[in-house]
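This report concerns a single molecular structure and is intended to be read alongside the sequence and the coordinates.

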Amino acid sequence: MKTGQVSTLDMTNFRRGSEKERLSFANELLKCLSTQGFVKLVNHGVSDQAVEKAFEMNGAFFKLPKSIKEKYKHPECANPNRGWVAPGQEDSSAITDFEKGEDKDGMSKFDVKESFDIGAPDDALYDNMWPTEDEFPGFCSYMEIFYNMMQDVHLDILRALELVLDTPETPVKLIKQCTPNVSEMRLNSYPPVKIGDLKSGRYNRISEHTDFGTVTLLFQDSVGGLEIEDQSNMGTYFPVECETKSTLLVNIGDTLQRLTNDRLTSVSHRVTLPISKQDVEHGTLEERRSVVYFAKVSRDQSIAPLESFVSEEEPAKYPEMSAFAWNQMKLEKIYGVC
Ligand SMILES: O=C(O)CCC(=O)C(=O)O
Ligand SMILES: [Fe+2]
């Protein structure tokens, strides 16, 4: 397997720097995202303690008795995309290469993963499904705070992108398109799994897929197994590990690919056997956790390519479509239609 690299950028200069420093960060960010589709950020504004607490909440939620988790179960179809997703309930292999026009019906893999999906605290369409305070004290209040911290990072990333993508004639109004906020946050827990099962090809922690939104912000623990598609050698994947739990991994989602008419492209990724275990035949792989923020454009906004990315030489590659319709299409592939 080829081992590629994802660059790390320090956000201090964007958050506190001069105009010149902000511009320099924004240019670097655009360069990394255009070439690799992924970048690691440090000093992004979410403290180590805040991230640690989100991981603690993740651990405690999935340890709740099944009878409690069942009360807040994600429906067996796309909407509302909220609550506890049981192992195997989501079929991420159904969207492998979906954005490249491929349809994988009938080739499902079992995702050895459980998740908990959370929407905006003030979302007008769907309510969150929080366990009661008796069942899990402090969970709802902390996760709402954490959700807002993640949105602040999302907005900073959009501010940086606007700074380098805007022209006076054709401003890129990404932040406006993301208001009101309908981003979704997800706690992922990958239970211990037999190494042989992962090697058999019938099971995965999460199959190859691209995310649907603008960007995805991801914190992962140190177990490993996350791999991304090498943009200079498509079809091959390389592992991405983070130096610390609070290093933030950012990747482009389908929506930004569409809005920028492929100036930025969403990159396929998966979670599988960590590279350190590739030569091991037997035994069990330890559990793994991640905390993910899927930043999204508001539901009624168009995700057709923006004016500034369309020209005679570069005609629009994607049709008119609302952010809601795109999101819905992918969710229905994963969960089924109600
Ligand atoms: O757990 C991870 O590291 C990746 C999760 C992921 O790709 C997703 O939930 O979309
Ligand atoms: Fe993903």
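The sections below treat the basis of the model, the annotated domain and ligand shell, two helix packings and some backbone features.

## Basis of the description

The model is predicted; local features need pLDDT of at least 70, side-chain atom pairs count only at pLDDT 80 or more, and totals for chains, interfaces and linings use all residues. Residues are numbered from 1 along each chain as its sequence is written, while chains are lettered from A and ligands numbered from 1 in the order in which they are written.

Helices (H or I, at least four residues) and strands (E, at least two) are DSSP runs numbered from the N terminus.

## Annotated domain and ligand shell

An unreviewed UniProt entry carries the annotation "domain: Fe2OG dioxygenase" for residues 181-297; such annotations, given here in the numbering of the model with shortened feature names, may be inferred rather than shown by experiment. Across residues 181-297 the chain is 38% strand and 10% helix, with its end C-alpha atoms 7 Å apart.

Ligand 1 is surrounded by Arg186, Asn188, Ile206, Asp211, Leu218, Gln220, Leu226, His269, Val271, Ser290 and Val292, a residue being near a molecule if its C-beta atom, placed from the backbone, lies within 6 Å of it. Two or more residues of this shell come from each of β6 (184-190), β10 (215-220), β14 (269-271) and β16 (288-294). The shell comprises five nonpolar, four polar and two charged residues; Ala, Val, Leu, Ile, Met, Phe, Trp, Tyr, Cys and Pro count as nonpolar, Asp, Glu, Lys and Arg as charged, and the others, Gly among them, as polar.

## Packing against helix α5

The axes of α3 (residues 48-62) and α5 (residues 139-165) come within 11 Å and cross at roughly 135°; axes are lines fitted to C-alpha atoms, for helices over the stretch in contact, and angles run from 0 to 180 degrees between N-to-C directions. The two helices α3 and α5 are therefore oblique, the class left after roughly parallel (under 35 degrees), roughly antiparallel (over 145) and roughly perpendicular (65 to 115). Ala50, Lys53, Ala54, Met57 and Phe61 of α3 meet Phe139, Tyr142, Met143, Phe146 and Met149 of α5, contact requiring C-beta atoms, placed from the backbone, within 7 Å. This contact has nine nonpolar, no polar and one charged residues.

Helix α2 (residues 19-35) packs on α5 at an angle of about 90°, with the axes 8 Å apart, so α2 is roughly perpendicular to α5. On α2 the contact involves Arg22, Leu23, Phe25, Ala26, Asn27, Leu29 and Leu30, and on α5 Ala160, Leu161, Leu163 and Val164. By class, the α2 contact with α5 has nine nonpolar, one polar and one charged residues.

## Backbone features in loops

Asn79 and Pro80 are joined by a cis peptide bond with omega of about -10°, and Pro80 lies in the loop between α4 (66-71) and β3 (83-85). The bond from Thr179 to Pro180 is also cis, with omega near 0°; Pro180 belongs to the loop between α6 (174-177) and β6.

Asn43, although not a glycine, has a positive phi of about 55°. Its place is the loop between β2 (38-42) and α3.

Key
Two residues are in contact if their C-beta atoms, placed from the backbone, lie within 7 Å.
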